[in-house]
Amino acid sequence: MLKTEPIASVTLLTMKANNCLDASWVRTVLGTEVVGHRICYYPRIDSTNEQALRLADAGEAEGTVVVAETQTAGRGRRGRCWLDEPGNALLFSVLLRPACNVSWLPVLSLGAAAACAELLTSGYSIPVVTKWPNDLLVAGCKVGGILLEQRGGAVVVGIGLNVNGPPESLEAQVGTALTTLEKHYGAPLPREEVLVGILEKIDGIYQQFQGGGLAEVVGRYRRFESVLGQSVQVSVGQEMVRGTAMAVTDTGALVVDTGKGQREITAGEVELVTGSQ
Ligand code: BTN
């Protein structure tokens, strides 16, 4: 009995080490112009977005990617926190310095959602859709989200994806319906490979964006949008806008037909309205 204890703990440690994301492999295979010229990997950090902003303050060039195994103060949209299962999630932020008007930035954020959805649907046949503006869903449950933050001329696009493992323990902590990519793929996904694929997509989308191709970027996003044609309620500040989601404009706004006219919403939180509500 005494003999087996150390062996068991060594095995456990080895498994843990193997479960860590291999950031140097990601750097080696990445075929990008701008995104990922430098990858900063942290086993544990407060927030990859915060770290990318700190690097930006210190003069870091655009394209740097901050990746973490786990976050102690992960940030979500609207002041929420973002929790993760260490070793099972993808948590990363891309530092960019786009030469554009701030009113264009929502398009960059939709572009990041499109990058994830394109990679996961075409590369892994996982039916990922988007819920305007930045939720990634599979079968109606959230599998990831995007948080774009800006400071000075720096823009940080932060992406969190629940990749592997069962969603139940996270779900219990968050209190909403979550899922993981593994659940729909049927096997654990290689996180490094997913990260490379998404970064390469983001790189292409960023080139399009920088070239003024906003409509093209939004076009890529629209293919995945799940709320169009649906009855929705959108909280916009203190106001609740109810109606049918009609379109996403070329500048990334959601058009809602309220029955009394159309509203173009640039920021808000969408909820689907089901028959029973
Ligand atoms: C959302 O609320 O849906 C957006 C969640 C974004 C979470 C990611 S995880 C990596 C990056 N760092 C953060 O602190 N937040 C984003």
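Biologist: When I look at the lining of the largest pocket, how many residues fall into each class, nonpolar, polar and charged?

Modeller: Before anything else, please keep in mind that this is a predicted model. Sorted by class, the lining of the largest pocket has 14 nonpolar, 15 polar and 8 charged residues.

Biologist: What is the volume of the largest pocket, and which residues should I select to find its centre?

Modeller: The volume of the largest pocket is about 880 Å³. There are 37 lining residues, and those closest to the centre are Arg-80, Trp-82, Asp-135, Lys-142 and Thr-176.

Biologist: Which helices and strands each supply at least two residues of that lining?

Modeller: Two helices do so, helix 3 (48–57) and helix 5 (168–174), together with strand 3 (89–96), strand 5 (135–138), strand 6 (141–151), strand 7 (154–162) and strand 12.

Biologist: How should I read the second largest pocket, and which residues lie nearest its centre?

Modeller: The approach is to take the volume, then the residues, then the elements that carry them. About 300 Å³ of space lies in the second largest pocket, and among its 18 lining residues Arg-77, Pro-106, Ser-109, Asn-134 and Thr-266 lie nearest the centre. Helix 4 (105–124) and strand 6 each give at least two residues to this lining, which by class has 10 nonpolar, 6 polar and 2 charged residues.

Biologist: Turning to the ligand, which residues are closest to it, and how many surround it?

Modeller: The ligand is surrounded by 20 residues, with Ser-47, Gln-71, Arg-75, Arg-77 and Lys-142 as the closest. Lys-142 is also one of the residues closest to the centre of the largest pocket, whereas Arg-77 is one of those nearest the centre of the second largest pocket.

Biologist: Which atoms of the ligand lie opposite Ser-47, Gln-71 and Arg-77, and at what distances?

Modeller: For each pair it helps to ask whether the protein atom belongs to a side chain or to the backbone. An oxygen atom of the ligand is 2.7 Å from an N or O atom in the side chain of Ser-47, and a nitrogen atom of the ligand is 2.9 Å from an N or O atom in the side chain of Gln-71. At Arg-77 the partner is a polar backbone atom, which lies 2.7 Å from an oxygen atom of the ligand.

Biologist: How many cavities of 30 Å³ or more are found in the whole structure, and what lines them?

Modeller: The search gives 2 cavities of 30 Å³ or more. The largest cavity, with a volume of about 50 Å³, has Glu-85, Asn-88, Ala-89, Asn-162, Val-163, Asn-164, Gly-165, Pro-166, Pro-167, Leu-170 and Thr-180 in its lining; these divide into 5 nonpolar, 5 polar and 1 charged. The second largest cavity holds about 30 Å³ of space and is lined by Leu-96, Leu-108, Ala-112, Val-157, Ile-202, Ile-205 and Tyr-206. Helix 4 and helix 7 (191–210) are the elements that give two or more residues to this second lining, and helix 7 has the largest share, 3 residues. By class, the lining of the second largest cavity comprises 7 nonpolar residues, with no polar and no charged ones.

Biologist: In what order do the strands of the open sheet of 5 strands stand, and which are the edge strands?

Modeller: A useful general idea is that in a regular strand the side chains alternate between the two faces of the sheet. Here the open sheet has the order 11-10-9-8-12 with antiparallel pairing, and its edge strands, each pairing on one side only, are strand 11 (262–265) and strand 12 (269–272). From one strand to the next the twist averages 45°.

Biologist: Which residues stand opposite one another, and where do the hairpins take a positive phi?

Modeller: Strand 8 (residues 231–236) pairs with strand 12 over 4 bridges in the antiparallel sense, and there Gln-233 stands opposite Glu-271. Strand 8 also pairs antiparallel with strand 9 (residues 239–248), over 6 bridges, with Val-234 opposite Val-241; their hairpin has 2 residues between the strands, and Gly-237 takes a positive phi near 60°. Strand 9 in turn runs antiparallel to strand 10 (residues 254–257), joined by 4 bridges, and Ala-245 faces Val-256 across that pairing. The hairpin of strand 9 and strand 10 has 5 residues between them, and Gly-252 in the turn has a positive phi of about 95°.

Methods: Residues are numbered from 1 along each chain as its sequence is written. This is a predicted model: local features need pLDDT of at least 70, side-chain atom pairs count only at pLDDT 80 or more; totals for chains, interfaces and linings use all residues. Side-chain values use heavy atoms; hydrogens and water are left out. Two strands pair if DSSP finds at least two bridges between them. Axes are lines fitted to C-alpha atoms, for helices over the stretch in contact, and angles run from 0 to 180 degrees between N-to-C directions. On a 1 Å grid over the protein atoms alone, a cavity is a set of points where a 1.4 Å probe fits but cannot get out, and a pocket is an open set with protein on both sides within 12 Å along at least five of seven lines; lining residues have an atom within 4 Å of a point. Grid points are joined across faces, edges and corners, and a volume is the space filled by probe spheres set on the points. Ala, Val, Leu, Ile, Met, Phe, Trp, Tyr, Cys and Pro count as nonpolar, Asp, Glu, Lys and Arg as charged, and the others, Gly among them, as polar. A residue is near a molecule or strand if one of its heavy atoms lies within 4 Å of it. A polar contact is a pair of N or O atoms within 3.5 Å; within protein, one must be able to donate a hydrogen and the other to accept it, and residues adjacent in sequence count only if both atoms are side-chain atoms.
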